[in-house]
Amino acid sequence: LEKELDIEAIRKLFKVTDKKIYLNHASTGPVTTRARKAIEELLDVYEYEVDITKEFLESIEGEVRHLAAELMGAHVDEVALVKNTSQGLIIPMNAMEWDEGSNVILRKGGFPANVCPWRQNLPDVEKRFIRADTCDEFMEACASKVDRSTKVIAVDWVDFLSGQRMDLKRLGDFCSEHGILLFVDGIQGLGVLRLTLWELAVDVFSCGAAKWLFGPQGIGIMYLKKQLLDRLKLKNTGWLSVAWKDFQHFEVIPPVKRSAARYEEGTRNLLGMVGMREHLKLFLEIGPDTVEKRIAKLREMIVTGLAEKGCTFLSPMDFEDGSGIVTFRHPKKQSEELYGELTARNIIVSIREDWIRVSPHFYNTEGEIEEFLTYV
Ligand SMILES: Cc1ncc(COP(=O)(O)O)c(C=O)c1O
């Protein structure tokens, strides 16, 4: 049974609802009052107590890693806290062994966070691009693009512009059949779609908190599948990658941690962690299933309403192929003009490549969607 949400109570956590109709989560998520409180409490510690003890640090990071693991259906040892989505892709790509002649498969038109690092960090590795809008097209092209030297397929779970969703089960199965690693940029999916990584042959999954997880910016989650972790080199490891007994005796350096946390190299972004902690708790309280169904319902309202107005879509019509994103053009108005009108009414969406991108979250109301549709 779908859990009944007390939307009015939940909306009190989102102050942005007092001022705006915020439908722009594919861009930046609003920090909640709960996260603000947790960050302020930590600031009090920094201001009045100043010293952060090892126990305090470890209790916070341990809790956040556990919550992140629970949300993603992963083992806590497979989770590390990173700065952003990029870092969670860059660390494992640099820690892999790359033989001469290896290649990686990338998606043409994917967000640069999953393209630039491959080009810049691995200039000698061949990049094979696939131009595909749908998961079916992508997988079809993969079958002819991969060969014995293909090491990695790297995709965005959900496309930042169209909201098209990759089927991670099918793609993972394909990769494991061919002995290829699957790297996933998950930032447009986690917080919208349910995820159970232990059921999937995904090797790397990285997600910044800044969008659908409500932030704050500068903190994120990296998942490294256990089997991969055991094969990665020690790159981007540092003094906090080892399990010190205390912070007094540094003469004898203990071994590097066995878990993914080995890649957390130095002093942590604790303010970011406690903010994200509150948001992860919120998702687990409400339940990823309820979140997904609620977003699907609001999306359906948007798609139907826009279709009635004669809009054209870049996004798939069905939620099963898509996500929380609806990207469209108006039959009569230029996107720039419509964007200006909506913004003037405090209805917040994005304009990207001359398309309007709408991205509602579970706390948005049907009333807000109706109001948005009225002004399209
Ligand atoms: C698909 C995708 N990946 C990554 C990012 C951002 O990457 P990072 O968290 O490293 O800044 C965005 C943000 O716009 C995005 O849409």
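Helices (DSSP runs of H or I, at least four residues) and strands (runs of E, at least two) are numbered here from the N terminus. The structure is a predicted model, in which local features need pLDDT of at least 70 and side-chain atom pairs count only at pLDDT 80 or more, while totals for chains, interfaces and linings use all residues. Residues are numbered from 1 along each chain as its sequence is written, and side-chain values use heavy atoms, with hydrogens and water left out.

A good place to start is helix α4. This helix covers residues 54–72, 19 residues in total, and reaches 27 Å from its first C-alpha to its last, close to the expected 27 Å (1.5 Å times one less than its number of residues). Among its buried residues are L57, I60, V64, L67, L71 and M72 (buried means under 20% relative accessible area with a 1.4 Å probe, protein chains only). The buried residues of α4 pack against β2 (79–82), β7 (204–208), β8 (220–224), α10 and α11. After the helix comes G73, with a positive phi near 65 degrees.

The loop between α10 (270–286) and α11 (288–308) holds G287. G287 counts as buried because its relative accessibility is 14%. The C-alpha atoms of G287 and L71 are separated by 9.0 Å, although the two residues are 216 apart along the chain.

In soluble globular proteins, nonpolar side chains tend to be buried together. Here the largest nonpolar core has 76 residues, and M72, F138, I153, L190, F205 and F362 are those with the most contacts inside it (such a core is a set of buried Ala, Val, Leu, Ile, Met, Phe, Trp, Tyr and Cys residues joined through side-chain atoms within 4.5 Å). Beyond its neighbours within four places in sequence, F362 is in contact with residues including L5, F14, L282, I286 and I295 (contact means heavy atoms within 4.5 Å). A second, separate core of 25 residues includes L89, M93, L181 and A260.

Finally, what kinds of residue line the largest pocket? Its lining divides into ten nonpolar, three polar and ten charged residues (Ala, Val, Leu, Ile, Met, Phe, Trp, Tyr, Cys and Pro count as nonpolar, Asp, Glu, Lys and Arg as charged, and the others, Gly among them, as polar). A pocket is an open set of points on a 1 Å grid over the protein atoms alone, where a 1.4 Å probe fits, with protein on both sides within 12 Å along at least five of seven lines; lining residues have an atom within 4 Å of a point. The largest share of this lining, three residues, comes from α8.

Key:
Buried means under 20% relative accessible area, exposed over 50%, partly exposed in between (1.4 Å probe, protein chains only).
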